[in-house]
Amino acid sequence: MNRLTPFLLVVLSFSVTTEIPAEQWTMTDGRVWTRDADSASESKDATEKRSGRETLKIVHTGARDWALSDGKRIPVKPGDMLEISVWVKLEGTGSVSVSGVTRQNDEDVVQWSYGSKDVNGETPWRLLKTAFLVPEGVESLEPRLLGYGPVTVWIDDWTVARTGFRDIVTSETARPILRENDFLKLELQPDRGTFSVTDKRTGRCWHQHPASRNFVAVSENAASDRTSFRLLDAETLAEYGVEVTLDPDRPELLVTVDGTGPLEGVIAFPAPFVSQTGDRLIVPVNEGMGYPVEEKDILVRRLVTYGGHGICMAFWGQVEDADGAGMVAIVETADDAAVEIVLGREELLQINVSWEPSRKEFRYPRKIRYAFFDRGGHVAACKRYRQHARETGLLVPFSEKVRRNPKIDQLLGAANIWFWEGNKVELVREMKSLGMDRLLWSSGGSAEELAAMNAIENVLTSRYDIYQDIMDPSRFGEVRYVHGDWTTEAWPRDINWTDPDGTWRKGWEVETKDPSRPRIPCAVICDAKAVPYARRRITDELRTKPYASRFIDTTVAAPWFECYHPDHPMTRTDSRKHKMELLRLIGELGLVCGSETGHDASVPYCDYFEGMLSLGPYRIDEAGRDMTRLVDDVPPQIERFQVNEKLRLPLWELVYHDCVVAQWYWG
């Protein structure tokens, strides 16, 4: 899937596109450019005919990119609507895309692959087509085919057509729109699709630079505190409604983006606020990080908001280290979003939101709130998000949870113990005698061992469990182990599909008995089908084994998954709800509930997270697979990020310190 940064057009009229006499160009053979020298050949093929005539055949053997163009530069003007189409057939593992090189003054490149649409891997003859609108500042278009990796491609009927025209407002005709309250001054720049916010208390102007040449259509709302306009993605011709609402009583504004129909790629809107030297990005990567904007290689660039290995709370902040003034952005619709950290024009880190499709559609309004503060730094950002968590029902403190299950009180301050060999009860008694007052015993045991440990004060007995991975039972003889907690009976009817064609989602990979062979992946169960398996397994076991707690692996560490199985289709929002039902079940059965890594969607249902204190992107390689390996030389990512007090921040504790116990990852 291509990442599509929207070109935003100011549309003077929302009537049907004005028709103009069709103009069409047919591309000739062209020339091939390759990144890897001598890696491509071009020839006419009379044996592979799609429309009764010979086709153009390109064979590329290199690992990197190549391009085909006949050098034709078509004169265009802002508002022109064009369509490029080409029939292609592919063999090999590479990809091919169709797009245009846009230029200003017929020389200066604006964008190398404008309006790109691609196809990957083995593909029979198909029409590859892209349609777009020419933005301001573009005077010519050069159609191109781009490819990547080893591929043989046949090409037929490559044409470009001018299909219509729409009037657009240019930078010369656009007028800024102003809104103001006691704290903030908001100025919208419709010609660029950006806005700036001046904090009257500090004097700082928070302004934006669009990632590309963006334009917006503006139509003012009658209310004095809000502005609405239409937004056109010039690369896909999709239109969205945007509303910017300035809170009358608080230093905050809410941006809502709405649309209907298919959504291709992602929408990176609004643009990021430009950073300045001395700023720090506040990012809830697990427990939390504060990245000085002068940092270059932070090893993360894109973090989803819908699972524990992205960001665990749907916000980020940008603060001034010197005085703590700054802003916090709260993603109010987080099920299909991500944050992206990029280098801006001054080589300083910037951060913004991108909206993802929901089962390939826009589906519902997307909302992001910006709140500004004049002091307090990352603590002020967390306080504002804690207020949001309380308002949305996520903030459920232990004082409420313990009324539901008094055993939760034994969790607070408990050491989490994993132990695979030896006498369990004897070890617990030894730990207690040495002053370890509270223990979370995670390693299970027999009914007799659990009863003995339950009789010891402040020992919370628990065990590992999982409702995600399913191994094809026909492959049990090939793998090194068969996990006792796989829901094998769910194969294959209840597995998650990543596509309507039946492609199933790959999960945990298991080593084979033959070490020379690759690992074999499990399938992922559809979250919509997991709860009945859990209810049956856990209730059956509790009849004989008196557990007090249960650790459900991967549930919130994994992202929310879409499913395309026709019997149990699922959006990411559906996935989140089903995952929370699984965790809710643990509490309903009278057990203390734990899960892996952590995400605040599960705070009302989870009592502890194993892994929240260990930052996911910076863990030791294979930490989840090779837990007992001792590492003598500190890996650079551990020293630079994992244990660096200059970068780590207790963001999670500042928001949820009284709701969930956060622990380290076992690896």
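**Aromatic cluster.** I began with the aromatic residues of this predicted model, and I found that Trp-418, Trp-420, Tyr-464, Phe-551, Tyr-608 and Trp-666 form one aromatic cluster. For the structure as a whole I noted 23 aromatic pairs.

**Trp-418 with Phe-551.** I looked up this pair and noted that the ring centres lie 6.1 Å apart with the planes at 80°, so I entered the pair of Trp-418 and Phe-551 as edge-to-face. I then asked where the two residues lie along the chain. Trp-418 belongs to the loop between β29 (415–417) and α3 (424–433), whereas Phe-551 belongs to strand β36 (residues 549–553), so the contact ties together parts that are 133 residues apart in sequence.

**Burial of these two residues.** I looked up the accessibility of both rings' residues, keeping in mind that buried means under 20% relative accessible area. Trp-418 has a relative accessibility of 18% and therefore counts as buried, and Phe-551, with a relative accessible area of 4%, is buried as well.

**Trp-418 with Trp-666.** I next turned to a further pair that includes Trp-418, and here the ring centres of Trp-418 and Trp-666 are 4.8 Å apart and the planes stand at 70°, so this pair is also edge-to-face. It links distant parts of the chain, since Trp-418 sits in the loop between β29 and α3 while Trp-666 sits in the segment after β39 (661–663), 248 residues apart. Is Trp-666 buried, partly exposed or exposed? I entered Trp-666 as partly exposed, because its relative accessible area is 27%.

**Charges over rings.** I also checked for charged side chains over aromatic rings, and I noted two examples. Lys-506 lies over the face of Trp-504, at 4.3 Å from the ring centre. In the other, the charged end of Arg-572 sits over the ring of Tyr-306, and the distance to the centre of that ring is 4.6 Å.

**A sheet of three strands.** Finally I looked up an open sheet, whose three strands run in the order β23-β26-β27 with antiparallel pairing. I noted β23 (302–304) and β27 (349–355) as the edge strands, each of which pairs on one side only, and I recorded an average twist of 20° from one strand to the next. How many bridges join β26 and β27? Strand β26 (residues 337–343) pairs with β27 in the antiparallel sense over seven bridges, and across these two strands I found Leu-343 standing opposite Leu-349 in β27.

Note on methods: Residues are numbered from 1 along each chain as its sequence is written. Side-chain values use heavy atoms; hydrogens and water are left out. Rings of Phe, Tyr and Trp (its six-membered ring) pair if their centres lie within 6.5 Å; planes under 30 degrees apart count as stacked, over 60 as edge-to-face and the rest as tilted. Helices (H or I, at least four residues) and strands (E, at least two) are DSSP runs, numbered from the N terminus. Buried means under 20% relative accessible area, exposed over 50%, partly exposed in between (1.4 Å probe, protein chains only). A charge sits over a ring if NZ of Lys or CZ of Arg is within 6 Å of the ring centre and within 35 degrees of the ring normal. Two strands pair if DSSP finds at least two bridges between them. Axes are lines fitted to C-alpha atoms, for helices over the stretch in contact, and angles run from 0 to 180 degrees between N-to-C directions.
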